[in-house]
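I am keeping notes on what I look up in this structure. Burial and ring geometry come up today.

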Amino acid sequence: MSLKKISGGTVHKMPPDLRKVLTSDPKVLMLWEGITPLARNEFICWVENAKLIETRARRVQRTYDELLEGKRRPCCWVGCTHRVDKPVSRSVRWVLGKQKKS
């Protein structure tokens with residue numbers, strides 16, 4: 001089995017489950033490679049942030065589907081908080097604070 005070349009994010013590396021889905025369809029792989037490294041990073045962070053295996057699998061599939069729909073960022077995601085090249089915005093801090101209280 002050969003691994004197809006696929007770009008990761010700016011902070012996050014490509015996880016195997018997402019790699020498998022993205023490389024399963026040449027059109028989706030082309031769409032993936034056509035988005036910015038920061039956008040790829042957002043999708044990877046969103047997938048890796050899932051707490052349950054079922055949620056992660058659903059997010060991997062949604063990444064595939066949303067790329068086909070023309071989306072360039074994950075829907076309803078506050079953004080990657082792991083980036084060190086910029087401070088976390090006030091709105092993201094507010095959302096993260098609300099999540100911690102739940």
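I checked burial in this predicted model and found tryptophan 32 and phenylalanine 43 both buried. I then looked up tryptophan 46, which is buried as well.

Next entry: aromatic pairs. I searched the whole structure and got 2 of them. In one, tryptophan 32 pairs with phenylalanine 43 at 6.1 Å centre to centre, with 50 degrees between the planes, and I logged the pair as tilted. This pair links distant parts of the chain, since tryptophan 32 sits in helix H2 (residues 26-34) and phenylalanine 43 in helix H3 (residues 37-48), 11 residues apart.

I turned to phenylalanine 43 and tryptophan 46. Their ring centres are 6.5 Å apart and their planes stand at 65 degrees, so I entered this pair as edge-to-face; the cut-off for that class is over 60 degrees. Both residues belong to helix H3 and are 3 residues apart, so about one helical turn separates them. I noted Trp32, Phe43 and Trp46 as one aromatic cluster.

Last entry: threonine 63. I placed this residue in helix H4 (residues 53-68). Which residues does threonine 63 touch, not counting those up to four places away in sequence? I listed Leu18, Leu22, Trp32, Phe43, Trp46 and Val47. Threonine 63 has 0% relative accessibility and therefore counts as buried. For its side chain I looked up polar neighbours: a polar atom there lies 2.9 Å from the backbone oxygen of arginine 59.

Conventions. Residues are numbered from 1 along each chain as its sequence is written. This is a predicted model: local features need pLDDT of at least 70, side-chain atom pairs count only at pLDDT 80 or more; totals for chains, interfaces and linings use all residues. Side-chain values use heavy atoms; hydrogens and water are left out. Helices (H or I, at least four residues) and strands (E, at least two) are DSSP runs, numbered from the N terminus. Buried means under 20% relative accessible area, exposed over 50%, partly exposed in between (1.4 Å probe, protein chains only). A polar contact is a pair of N or O atoms within 3.5 Å; within protein, one must be able to donate a hydrogen and the other to accept it, and residues adjacent in sequence count only if both atoms are side-chain atoms. Contact means heavy atoms within 4.5 Å. Rings of Phe, Tyr and Trp (its six-membered ring) pair if their centres lie within 6.5 Å; planes under 30 degrees apart count as stacked, over 60 as edge-to-face and the rest as tilted.
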